[in-house]
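Got the viewer open? Let's take a walk along the place where two chains meet, one selection at a time.

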Number of protein chains: 2
Amino acid sequence: MAEALTAEAILVATEEVLRRYGPAKATVVDVAKALGVSHGSVYRHFATKAALREAVTRRWLDAIHREMEPAFGQGLPASEVLREWLQRLFDKKRRSHTEDLELFTTYKTLVGESSGVVEDHVEHLVGLIARIIQAGVDTHEFVTDDVPRTAQAVWDATQAFHHPAHAQEWGNPHIQDAFDAVVSLVAAGLRYNRIPSATGDA
Amino acid sequence: MAEALTAEAILVATEEVLRRYGPAKATVVDVAKALGVSHGSVYRHFATKAALREAVTRRWLDAIHREMEPAFGQGLPASEVLREWLQRLFDKKRRSHTEDLELFTTYKTLVGESSGVVEDHVEHLVGLIARIIQAGVDTHEFVTDDVPRTAQAVWDATQAFHHPAHAQEWGNPHIQDAFDAVVSLVAAGLRYNRIPSATGDA
């Protein structure tokens with residue numbers, strides 16, 4: 001098995017070890033044992049335990065990024081693509097905090113260990129919102145002269161539905177209604193921007 | 001002095017004692033001492049230490065509510081009243097977390113002791129936003145068929161700029177720009193709602 005050892009196999013095993021022992025107790029020796037190799041073989045792929053843990057974190061976030069690809073459909077308005085995307089993100093976040101809280105806490109610990117990882121992750125998600133807004137601009141559904149800044153504003157205006165600091169509010173029975181009202185307001189804001197340039201009615 | 005002792009005088013003295021000793025150490029005996037009365041005199045106005053602390057908290061929040069009255073001006077658009085109001089709230093919150101952090105922490109402790117106080121406070125502030133939105137509806141600047149729900153949406157969409165869980169982001173040099181972008185988006189959303197009813201352009 002040692003000669004077939006790939007970085008990917010190590011990352012899969014590390015995830016499994018982290019799930020089983022938690023981030024505080026999981027060691028490189030545990031990972032090597034799970035793979036039936038020496039810990040030296042693991043270190044040939046990842047120079048330090050920190051590097052291994054950061055690689056696992058990035059792999060986890062990459063999977064989220066793939067799951068969060070916007071669902072553009074034939075003729076679907078950008079406002080609907082945005083609404084579905086924000087709902088998907090909110091549902092994912094809510095689920096992490098109920099069903100998978102232990103796993104979520106594990107990854108939260110890992111994310112906290114690597115500086116820049118959260119920033120890159122948020123930047124990626126804001127970039128996906130920017131793609132949806134750009135699609136709306138292309139079809140004249142939305143107008144804005146600054147897509148990245150507007151995407152950041154949409155992200156910031158929906159913090160209550162994705163920032164972990166608000167997790168304790170996500171069990172509130174009225175939360176879906178609050179989400180709907182904010183998304184409607186935001187989508188209306190994205191549409192309105194074209195009105196001033198079309199009619200001078202600013 | 002004992003015969004002139006009013007609830008208001010006790011509350012002023014309690015605030016001073018809380019500032020001086022902090023919420024963990026301040027006692028009713030300290031308050032009575034500061035006023036030159038017996039602690040029995042204090043208990044005649046406030047049956048328990050908890051009741052006294054809750055009264056101080058409500059007095060503090062009432063002062064905030066007075067400071068947060070919307071600044072309606074002759075011919076000022078509702079969107080400008082809303083922007084100024086949200087900016088005033090944001091500036092107040094930011095200041096609490098820098099200049100007056102100790103006092104803020106004291107009040108945060110007190111607020112945490114009385115259930116329902118935070119909810120009442122937020123409800124009051126959302127009610128002030130509703131008054132601004134209603135003013136915009138009255139002048140046909142905004143249209144919404146549900147003012148309270150829209151006011152709640154404006155509150156929720158601006159959480160990043162008033163919810164204490166976001167305080168650590170308020171020192172970020174780009175925070176004012178982020179605030180401006182969210183408020184513009186929200187204000188555009190409030191204006192857009194009139195378009196469908198006016199032109200059928202939904």
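On this tour, contact means heavy atoms within 4.5 Å. Keep in mind that this is a predicted model.

Start by selecting the residues where the chains touch: 27 residues come from chain B and 27 residues from chain A. Turn on a surface next. About 2300 Å² is buried between chain B and chain A, with carbon and sulfur atoms giving 64% of that area. To see who gives up the most on the chain B side, pick R149(B), L185(B) and Y192(B); together they make up 27% of what that side buries.

Now for the charged pairs. Between chain B and chain A there are 2 salt bridges. To look at a salt bridge, zoom in on the side chains of D177(B) and R149(A), which meet at 2.9 Å, N to O.

Switch to cartoon view and color helix 8 (147-157), helix 9 (175-192) and helix 10 (194-199) of chain B: each supplies at least two residues of the side that touches chain A. Which helix of chain B gives the largest share of that side? Helix 9 does, with 12 residues. Color that whole side of chain B by residue type and you'll get 14 nonpolar, 5 polar and 8 charged residues.

Finally, zoom out and try a superposition. A turn of 180° and a shift of 0.0 Å along the axis lays chain B on chain A with an RMSD of 0.0 Å. The two copies are therefore related as by a two-fold rotation axis. To find that axis, select G189(B), the residue of chain B that comes closest to it, at 1.7 Å (C-alpha). One last stop: 100% of the interface residues of chain B are also interface residues in chain A, so the copies meet through the same surface.

Technical notes:
Residues numbered from 1 in each chain as written. Chains lettered and ligands numbered in written order. Predicted model: local features only at pLDDT ≥ 70, side-chain atom pairs only at ≥ 80, totals over all residues. Heavy atoms only, no water. Buried area = accessible area lost by both parts, 1.4 Å probe. Salt bridge = Lys/Arg side-chain N within 4 Å of Asp/Glu carboxyl O. Helix = DSSP H or I, 4+ residues; strand = E, 2+ residues; numbered from the N terminus. Nonpolar A, V, L, I, M, F, W, Y, C, P; charged D, E, K, R; others polar. Least-squares fit on C-alpha atoms with pLDDT ≥ 70 in both.
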